[in-house]
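Hi everyone, thanks for coming. I'll walk you through one protein chain today, so please have a look at the screen before I start.

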Amino acid sequence: MSSSRASSSAVSLNAVSKSFGAIAALKATSLDIRPGELMTLLGPSGCGKTTLLNIVAGFLSADAGDVAIEGQRVNDVPTFQRQIGMMFQSYALFPHMTVEANVGYGLKMRGMPRADIHRRVQDALVLVKLQGLEARKPSQLSGGQQQRIALARALVIEPKVLLLDEPFSALDKSLRGSMQIELKDIQRKLGIATIFVTHDQSEALSLSDRLAVMSEGVIRQVGTPHEVYADPADRFVASFIGDVNVIPGVIESLDDGRATIRVGNGHVGASRTHLADAAPGTPVDVFVRPEQITLAAPREEIPLTGKVHASVFQGGHTDVLVDVGVEGMSTVLVRLAGPAHVARWAKGAPVGVVFAVDTVLAFPKSG
Ligand SMILES: Nc1ncnc2c1ncn2[C@@H]1O[C@H](COP(=O)(O)OP(=O)(O)OP(=O)(O)O)[C@@H](O)[C@H]1O
Ligand SMILES: [Mg+2]
């Protein structure tokens with residue numbers, strides 16, 4: 001293996017496949033995780049996230065393809081020699097052991113002298129802000145504290161790679177939020193390459209340096225959170241990341257980079273990125289984010305109108321659902337910043353629906 005490649009990726013998967021009987025859990029998947037990067041695997045249940053993680057960890061062997069860690073092919077290297085730190089949804093602390101013994105377990109298994117273990121455990125506990133709790137048992141800790149201990153246990157071996165499989169899904173929302181921030185701080189401070197699995201898109205968008213969006217054993221797109229949100233590679237990614245309205249329309253005209261699409265009695269400009277070979281007259285689906293639409297009093301110049309179906313106060317913003325008279329489309333979700341909208345857009349009120357951006361995404365109609 002060449003050394004230039006060795007220095008460029010912390011983890012590298014090259015055409016890795018894995019099937020369980022007739023189920024192709026991972027299909028010729030390639031992915032590179034850069035040193036120090038937090039890469040999230042995001043996708044619906046059953047898309048192959050845990051399978052990919054288990055192959056990197058060495059719990060599963062790939063049917064085909066190669067896995068490398070820091071440039072070394074590890075296909076035949078057992079888990080305990082891969083120098084991997086792991087944390088899973090059920091953090092599986094040893095209930096009969098103290099915090100000290102739980103965190104130090106991996107070092108003890110590696111035969112490290114007691115004094116060194118003690119020092120490394122102390123460092124790890126400082127990192128997760130739980131120094132002083134060494135003598136407690138897991139049952140004497142809160143859920144968030146147990147999660148931190150599990151993180152300390154994963155980090156204490158000074159792994160080359162950290163693998164996290166839905167680590168916060170058992171925590172309530174506010175605790176999850178603070179653990180996410182803390183994990184990101186620790187991960188950045190240590191500069192440790194991390195693969196983080198979640199099916200929670202807001203977690204993925206807030207934590208990741210880059211994310212890989214998966215579906216049915218295939219990585220559909222790899223990019224920064226902003227790239228994946230603003231420039232999704234396909235319909236699946238566009239629908240999976242963030243809320244989106246899918247509004248039927250028809251291509252009216254095409255010029256160099258843009259298509260003009262008729263929606264209801266109005267028009268909207270769309271990028272041609274996903275409409276390469278489409279001709280005028282082609283039915284398409286226009287993908288519009290809720291924050292790309294605003295509401296106005298109905299006027300003749302506003303061709304798309306409707307009636308407010310519901311206005312939902314969300315604290316910092318208001319979600320307004322509008323019934324529009326477009327065939328094949330029930331309601332449009334509009335997200336308005338600020339609190340004053342609930343009173344203004346009451347149920348039943350007639351409204352004009354205005355696209356607040358010049359360019360939206362459109363995809364050829366599926367099926
Ligand atoms: N040991 C196994 N035997 C048979 N099928 C399996 C096994 N492990 C996983 N699968 C199947 O492989 C596919 C991918 O599973 P995987 O656990 O990787 O999904 P996931 O993306 O982690 O899903 P989730 O979000 O629900 O955890 C699924 O169809 C699953 O049923
Ligand atoms: Mg899983």
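Let's begin with a term: a salt bridge here is a side-chain nitrogen of Lys or Arg within 4 Å of a carboxyl oxygen of Asp or Glu. Before we use it, some housekeeping. This is a predicted model, where local features need pLDDT of at least 70, side-chain atom pairs count only at pLDDT 80 or more, and totals for chains, interfaces and linings use all residues. Residues are numbered from 1 along each chain as its sequence is written, chains are lettered from A and ligands numbered from 1 in the order in which they are written, and side-chain values use heavy atoms, with hydrogens and water left out.

So, how many salt bridges does a search of the whole structure find? It finds 16. One of them pairs lysine 18 with aspartate 63, at 3.7 Å from N to O. Those two are 45 residues apart: lysine 18 is in strand β1 (residues 11-20), and aspartate 63 is in the loop between α2 and β4 (64-69). A quick note on those labels: helices (H or I, at least four residues) and strands (E, at least two) are DSSP runs, numbered from the N terminus.

Is lysine 18 buried or exposed? It's buried, with a relative accessible area of 10%. The words work like this: buried means under 20% relative accessible area, exposed means over 50%, and partly exposed is in between, using a 1.4 Å probe and protein chains only. Aspartate 63 has 47% relative accessibility, so it counts as partly exposed.

Next pair: arginine 210 and glutamate 37 meet in a salt bridge at 2.5 Å, N to O. Arginine 210 lies in strand β9 (residues 210-215) and glutamate 37 in the loop between β2 (23-33) and β3 (38-42), so the bridge ties together parts that are 173 residues apart in sequence. Both residues are buried.

A third one joins arginine 335 and aspartate 319, at 2.7 Å from N to O. Here strand β18 (residues 331-337) holds the arginine and strand β17 (residues 317-324) holds the aspartate, 16 residues apart. Arginine 335 counts as partly exposed because its relative accessibility is 23%, while aspartate 319 is buried at 8%. And there's a network too: Asp66, Arg73 and Asp76 are joined by salt bridges that share partners.

Now for a charged residue without a bridge. Glutamate 134 sits in the loop between α4 (114-127) and α5 (143-155). It is buried yet has no salt bridge, and the nearest side chain of opposite charge, arginine 136, is 8.6 Å away. In that statement Lys and Arg count as positive and Asp and Glu as negative, while His and the chain ends are not counted. What does the side chain of glutamate 134 reach? It reaches the backbone nitrogen of glycine 132, at 3.1 Å. Leaving aside neighbours within four places in sequence, glutamate 134 is in contact (heavy atoms within 4.5 Å) with Thr98, Val99, Glu100, Gln122 and Leu125.

Two helices deserve a look. In α2 (residues 49-57), eight of the nine residues are buried, among them Leu52, Leu53 and Ile55. Right after α2 comes glycine 58, whose phi is positive, near 95 degrees. Over in helix α7 (residues 201-207) we find alanine 204, which counts as buried at 0% relative accessibility. Not counting residues up to four places away in sequence, alanine 204 touches Thr40, Leu42, Thr198, Leu211 and Pro225.

Last topic: the domains. The bounds come from an automatic or database domain assignment, which gives domain 1 (3-239) and domain 2 (244-364). Seven residues from domain 1 and 10 residues from domain 2 take part in the contact. Their C-alpha centres lie 39 Å apart. Together the two domains bury about 780 Å², 49% of it on carbon and sulfur atoms. Buried area is the accessible area (1.4 Å probe) that two parts lose on being put together, summed over both. Of the area that domain 1 buries against domain 2, Tyr229, Arg235 and Ala238 supply 67%, more than any other three residues.

How many salt bridges does the rule find across that interface? Just one. Arginine 235 forms a salt bridge with aspartate 285, with the closest N and O atoms 2.9 Å apart. Helix α9 (residues 235-240) gives the largest share of the side of domain 1 that touches domain 2, three residues. That's my tour, thanks for listening!

Note on methods: A polar contact is a pair of N or O atoms within 3.5 Å; within protein, one must be able to donate a hydrogen and the other to accept it, and residues adjacent in sequence count only if both atoms are side-chain atoms.
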